[in-house]
Amino acid sequence: MAEMVNVAVDAMGGDNAPGEIVKGAIEAINEDKRVKVFLVGREPVITEELKKYTYDPAQLEIVHAEEIIETAEPPVMAIRKKKDSSIVRSMYMVKEGTCDALVSAGSTGAVLVGGQVIVGRIKGVERPPLAPLIPTEKGVSLLLDCGANVDARSSHLVQFAKMGSVYMESVMGVKNPKVGIVNIGAEEEKGNALVKETFPLLKNCPEINFIGSVEARDIPLGEVDVIVCEAFVGNVILKMYEGVGAALIKKVKSGMMTSLRSKIGALLVKPALKKTLKSFDTEEYGGAPLLGLNGLVVKTHGSSKAIEIKNSILQCIAFKEQKINEKIKEKIILED
């Protein structure tokens, strides 16, 4: 029998907490018997939400935490002062080994600080990157970094490429994943100082399959499997991706309602269109893991609904079963 994967879920974090968080947790444990969820937060509130659902009580436990870290709070101060917050308690559960992973839709700053200060970095990892999967024409690609390290150095980006390659090969099953660095052109001599400094380092790194520069317009086409950049660029790419996707879906739906003919056509193509649009919905791919920590920390959108919480919990199973941290340690310690 497969070993149970224990996941701490910050029940109080995010715009839709605790309702959507609890719902997503229940959907996850009802879908997969390999996972046990620890809902961390105010017990009376969580208990009230759980009354709405049917589930196996052996797969769920409530851990009381009285405090909540709000989005606007200074992250370092909040982590230090609010020891009884749902984020901090969840972090310590991962650090102490009670849980294999943490999923939170709460304060991004607090999750990033807590991940590094409480859970801690793997020895040799300079900067843990946030690494979300983004949909492409060919499937998905891993974008790293998308929000953790705005002022990254070239050595950081090389480690991002190595960790991203491990993740895509082990979790997503992509053999010898193609790695590209985000640039403003395909030529090697183009780019800012960071890209120009990093390009030859990636080119001469035998542990990865580096194919060169990737322009933003080529990312949705799935030209590379691992997209490397510093967090400012990555966050802009991610937010633009989500915004354009939402706008296109809205325009398509609106266009189908313009006339009787378009409405009839919409009924005919609805099943195929729904499947296609679903494949380009970022919520379908879970949250962004903070790679390079001693335990798994997954950050989801602050506006996460149940489906993203569920998928974020389920992605923790593959992370543990494929021993991603052990493989990252091998890449970073043995080869650096």
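This report walks through two sheets, a pair of packed helices, some salt bridges and one proline in the structure above.

## About the model

The model is predicted, so local features need pLDDT of at least 70 and side-chain atom pairs count only at pLDDT 80 or more, while totals for chains, interfaces and linings use all residues. Residues are numbered from 1 along each chain as its sequence is written, and side-chain values use heavy atoms, with hydrogens and water left out.

Helices (H or I, at least four residues) and strands (E, at least two) are DSSP runs, numbered from the N terminus.

## The sheet of six strands

Let's start with the strands. Strands of a sheet pair through backbone hydrogen bonds, either parallel or antiparallel. Here, two strands pair if DSSP finds at least two bridges between them. One open sheet has 6 strands in the order β3-β2-β1-β4-β11-β10, and its pairing is mixed. At the edges stand β3 (60-64) and β10 (288-289); each has a single partner strand, so one side of each is left without a neighbour in the sheet.

Inside this sheet, look for strand β1 (residues 5-10) and strand β4 (residues 101-104). They run parallel and are joined by 3 bridges. Along this pair, A8 in β1 stands opposite L102 in β4. Two helices also pack here, where contact means heavy atoms within 4.5 Å. Helix α1 (residues 19-31) lies across β1, β2 (35-41) and β3, running at about 165° to β2. Helix α2 (residues 43-50) packs on the sheet too, touching β2 and β3, and its direction makes about 155° with that of β3. For such angles, axes are lines fitted to C-alpha atoms (for helices over the stretch in contact), and angles run from 0 to 180 degrees between N-to-C directions.

## The sheet of five strands

A second open sheet is formed by 5 strands in the order β5-β6-β9-β7-β8, again with mixed pairing. Its edges are β5 (133-136) and β8 (209-214), each with a single partner strand, so one side of each is left without a neighbour in the sheet. From one strand to the next, the twist averages 30°.

Now zoom in on β5. β5 and β6 form a hairpin with 2 residues between them. Strand β6 covers residues 139-144; it runs antiparallel to β5, and 4 bridges join the two. Across the pair, L133 stands opposite L142 in β6, and P135 stands opposite V140 in β6. Are the faces of β5 covered or exposed? Both are covered: L133 and P135 on one side, and I134 and T136 on the other, are all buried. Buried means under 20% relative accessible area, exposed means over 50%, and partly exposed is in between (1.4 Å probe, protein chains only).

## Two helices side by side

Two packed helices are described by the angle between their axes and the distance between the axes. Helix α4 (residues 86-95) and helix α5 (residues 108-119) pack at an angle of about 35°, with their axes 10 Å apart. The crossing of α4 past α5 is right-handed. A crossing is right-handed if the near helix is turned clockwise from the far one by less than a right angle, and left-handed if anticlockwise.

Which residues of α4 and α5 meet? From α4 come I87, V88, M91, Y92, V94 and K95, and from α5 come A110, V111, G114, G115, I118 and V119. The residues of this contact divide into 9 nonpolar, 2 polar and 1 charged. In this grouping, Ala, Val, Leu, Ile, Met, Phe, Trp, Tyr, Cys and Pro count as nonpolar, Asp, Glu, Lys and Arg as charged, and the others, Gly among them, as polar.

## Salt bridges

Side chains of opposite charge can pair when their charged atoms come close. A salt bridge here is a side-chain nitrogen of Lys or Arg within 4 Å of a carboxyl oxygen of Asp or Glu. How many does a search of the whole structure find? It finds 15 salt bridges. Among them, E3, D100 and K320 are linked in a network.

Three pairs show a range of surroundings. D32 bridges to R34, with the closest N and O atoms 2.7 Å apart; D32 is buried at 13% relative accessible area, whereas R34 is partly exposed at 31%. E48 bridges to K51 at 3.2 Å between the closest N and O atoms; E48 is partly exposed at 47%, and K51 is exposed at 61%. D84 bridges to R89, with 2.6 Å between the closest N and O atoms; D84 is partly exposed at 24%, and R89 is partly exposed at 37%.

## A proline in a helix

Finally, find P271, which lies in helix α9 (residues 260-279). P271 is exposed, with 59% relative accessibility. P271 and M257 are 14 residues apart in sequence and 16 Å apart in space, C-alpha to C-alpha.
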